[in-house]
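The following note is offered to a colleague who is meeting this structure for the first time. Each numbered point takes up one part of the chain and may be read beside the model.

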Amino acid sequence: MSKPDFKTLGFSFFSSNFETCGGVSSPSRPSPSKLSSTVTVLRALDSDQPTLISPDMSSPSSHANNNDLLNEEVKVQTSVGKKRTETQRSSSDHQLKPRKKLSQSSDIRQYFVPKDDDKESTNRTRNDIGRCELFKAYQESSEDKALTSGNPTSLKCDQDEFIRTVSEMIVLSGLPFSFVESEGFRRFCHNVIPMYEDVSRQTVAKDIAVIYLQEKSFLKVMFSVNKMRVSLTTDIWEAPTTSSSYMVVTAYWIDANWELQKRIISFKPVLDKKGETIARRLIECLDEWGIEKVFTVTVNNAEGNDHEALTLFQDAMRLKGANALVKDGDFLRMRCCGHIVNLLVKDSMEHVSDSIVAVRNAVKYVQSSLSRIKSFEFRIETGKVPKGNLSLDSVTEWNSTYLMLVAALKLRVAFDKMLGEDKLYGKYFLEIEEETGEKRVGPPVSATWDEVERLVTFLGIFFNCTVESSERKAAASSKGYSEIATIDWNLIKLSNNVDEEVRKEATSIKDKFEKYWDGLININPLVIVASVFDPRKKMKFTSLCFDRLHGKDSLESKNLTLSITSVMRHLYEEYTIMLDKQSQSDDAAIQSDHRGSEQSGECDGYISSDYLYKEMINEMRKEQAGKELDDYLMEKAEPWCSGSDYDVLSWWKRNSPNYPILSELARDVLAIQMSSFAHESAFCTSGRVLDPYRSSLTPYTTEALICTQQWLRTSLQSEPPLTNLEQMFEELDFQESLDPRKQPSWLLRSSCK
């Protein structure tokens, strides 16, 4: 498992809660062993009172407690105005009698040396020193300097709150339970919280289980009360260390405040990936949570069993009632757009795999030693190539491969000069690799760079569309068809390229792209309907997409436009009927309660004016209902703001009173997900893999960790969008700047001074 990143949300969350748990703070009182040598109480008390210790007379060594200090010999300031006897003047020559130890019942005694016959109360002393301005100033300065003086003290530590904060850090950061028993964590806690008590892994595991059950109980109540319609996504995770498979189910919906909500509601092991198994898991999950209405299910069709699974699921949902599915589940199945893109990328990279490996080996050579870095930089300067940074890729994350290839292409001239001038560079590729037992692939030559350049052109299309679709998760479905159309447009353009190799590759990818979607004409219409519910696009944008893809005024374009309009009208009519029945049911319940409350004072058959008013409102609503869809489509589209992240849901929140029925349809459509996996896995070509630590846990504990992590992140709104290419290069430049080998000599000399 990789080392924990202390910039993660979990560690930030843990650190921000130290004050609540009892973190470092200014001391409530100064320690006698650390009193400043400048403190002197000038106000003299009468001879019968204990006298204030002069701190500069105390030993500089540290004291474990007040008794150590009291046992040391110190000089005492005597009261002013009283004549000393000869015996008193020479008392320093005689051995002092042992002093009587004081009771530690009063904290004020720590500042005084008591007399043997001191039997008086300290109340008067406390009052006197409390009025001393110098002593007050000393206390304030001690509090300000507590953290820098090396003697910080802590407030009372709330152990329960501390354990809860640590548990949340473990969950959010994906750390193992044993992290709380590690030497580094305990040292950190003891330094920051002196009152810290060691926490065991069992304690943290129990607390995480409690958090999971509390959050789950809250969500169950919410599903039971709100009875919202949800869209589901399913995906399969693999655990290589145990050869187990887990099925994850995630629910999406838009709440009353028009905010997209996401919750993982199941993460359970499956013995196989048959359609029957997947359908059974889905039904069991909905029954456990009390979810009765589903709009769509986004599936990863990698196993080819999604059709069978959703057919069985559809039959089971029909038994739950007429409103369990919309249009009897005709639009239930949604293909995973992210999976389709990853399949296309994987196929494209396999065709030029040798060229990718050759570039990767060349980058490895350059980064392997300081002398090779300097040799490469010399070729950059002599080749008059703009300086840039190189990075190795992760073979399972194709966005990192795309970054590596783009960076290497910019330095192609320098690599060519290395091949012609650096003999060690050429010999490196003649060596036998231990893993394969064959000669190392490379070096990259002219044909290699040409293949890589063509590949980067296609990868750029998929990369930009993937990043853009994740910029605003709340409006992902409204952008779905735009991204699909954008990919298809660019592939059509490249299929007419003058380069024969580009034309062949573009045509091949385009055919596969349309095949994965069952043909763009047969795509699930809800993908396009979601685009229509973007007030900047509406039906006009959809019609333009059809004209661009199939030809202006073509038969295919006209049929698609009529088909989408028909689907929207049928959906609108069904929602009108559903909401009308729901309104009648609510009115009947209200009237039943009203009759029960007034039964004693009214005759049978009495109809109040309130009931007639509600009937009038219902009739007006029915008349207005038929106009909502037409009014929305006919109204002028919202202006397009270039470069801004337009919030579709905010527009519907403001305008939902104008479209009471249409807004409910938009609420469910805009909650549809175009991908079955989280956006942080959008570039993964190997599928979701469970790390070895979580694979070793019991299925129940694993589900508790996965679900609780996602629930906490949602509550903290901590799911950042994907980074674009410019941000990736900025991060690469920053990391390179930390390497002292890359620093100019003058900068290294200045940093050492």
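In which helix is arginine 454 found? Arginine 454 belongs to helix α18, and point 3 returns to this residue after an overview.

1. Overall composition. The model is a predicted one. Its chain contains 30 helices and 10 strands. Of the 753 residues in the chain, 44% are buried. Among contacts with a separation of 6 or more, 74% are between residues 24 or more positions apart. The chain exposes about 40900 Å², and 52% of that area is supplied by carbon and sulfur atoms.

2. Nonpolar cores. The largest nonpolar core has 99 residues, of which Phe376, Leu390, Phe415, Phe533, Trp652 and Leu662 touch the most other members. Helix α18, spanning residues 446–470, provides the largest share of this core with 11 residues. A second core, separate from this one, comprises 43 residues, including Ile283, Ile291, Ile706 and Cys707. In soluble globular proteins, nonpolar side chains tend to be buried together. Phenylalanine 415 may serve as an example from the largest core. With neighbours within four places in sequence left aside, the contacts of phenylalanine 415 are Ala362, Val363, Val366, Phe376, Leu390, Ala408, Tyr425 and Trp449.

3. Arginine 454. Is this residue of helix α18 buried or partly exposed? Arginine 454 has a relative accessible area of 23%, and it is classed as partly exposed because that value lies between the 20% and 50% limits. Beyond its neighbours within four places in sequence, arginine 454 is in contact with Asp499, Glu501 and Val502. The C-alpha atoms of arginine 454 and alanine 506 are 10.0 Å apart, while the two residues are separated by 52 residues in sequence.

4. Strand β5 and its partners. Strand β5 covers residues 230–239, and 9 of its 10 residues are buried. Three strands may be considered in turn as its partners.
   - Strand β6 (residues 244–254) runs antiparallel to β5 and is joined to it by 9 bridges. Serine 231 stands opposite tyrosine 252 of β6. The two strands form a hairpin with 4 residues between them, and serine 243 in the turn has a positive phi of about 55 degrees.
   - Strand β8 (residues 294–299) runs parallel to β5, with 3 bridges between them. Threonine 233 has threonine 298 of β8 as its bridge partner.
   - Strand β10 (residues 688–689) is also parallel to β5 and is joined to it by 2 bridges. Here tryptophan 237 has arginine 688 as its bridge partner.

5. Arginine 335. This residue is found in strand β9, which spans residues 333–335. Why is arginine 335 classed as buried? Its relative accessible area is 14%, and the residue is therefore classed as buried, the limit being under 20%. The side chain of arginine 335 reaches the backbone oxygen of tyrosine 516 at 3.3 Å.

6. Threonine 708. Helix α28, made up of residues 699–716, contains threonine 708. With a relative accessible area of 1%, threonine 708 is buried. Which residues is threonine 708 in contact with, leaving aside its neighbours within four places in sequence? These contacts are Val171, Ile211 and Tyr212.

Terms used:
Residues numbered from 1 in each chain as written. Predicted model: local features only at pLDDT ≥ 70, side-chain atom pairs only at ≥ 80, totals over all residues. Heavy atoms only, no water. Core = buried A, V, L, I, M, F, W, Y, C linked by side-chain atoms within 4.5 Å. Buried < 20%, exposed > 50% of the residue type's maximum accessible area, 1.4 Å probe, protein only. Contact = heavy atoms within 4.5 Å. Pairing = 2+ DSSP bridges. Polar contact = N/O pair within 3.5 Å; in protein donor to acceptor, adjacent residues only side chain to side chain. Areas by Shrake-Rupley, 256 points an atom, 1.4 Å probe, with all protein chains shown as cover.
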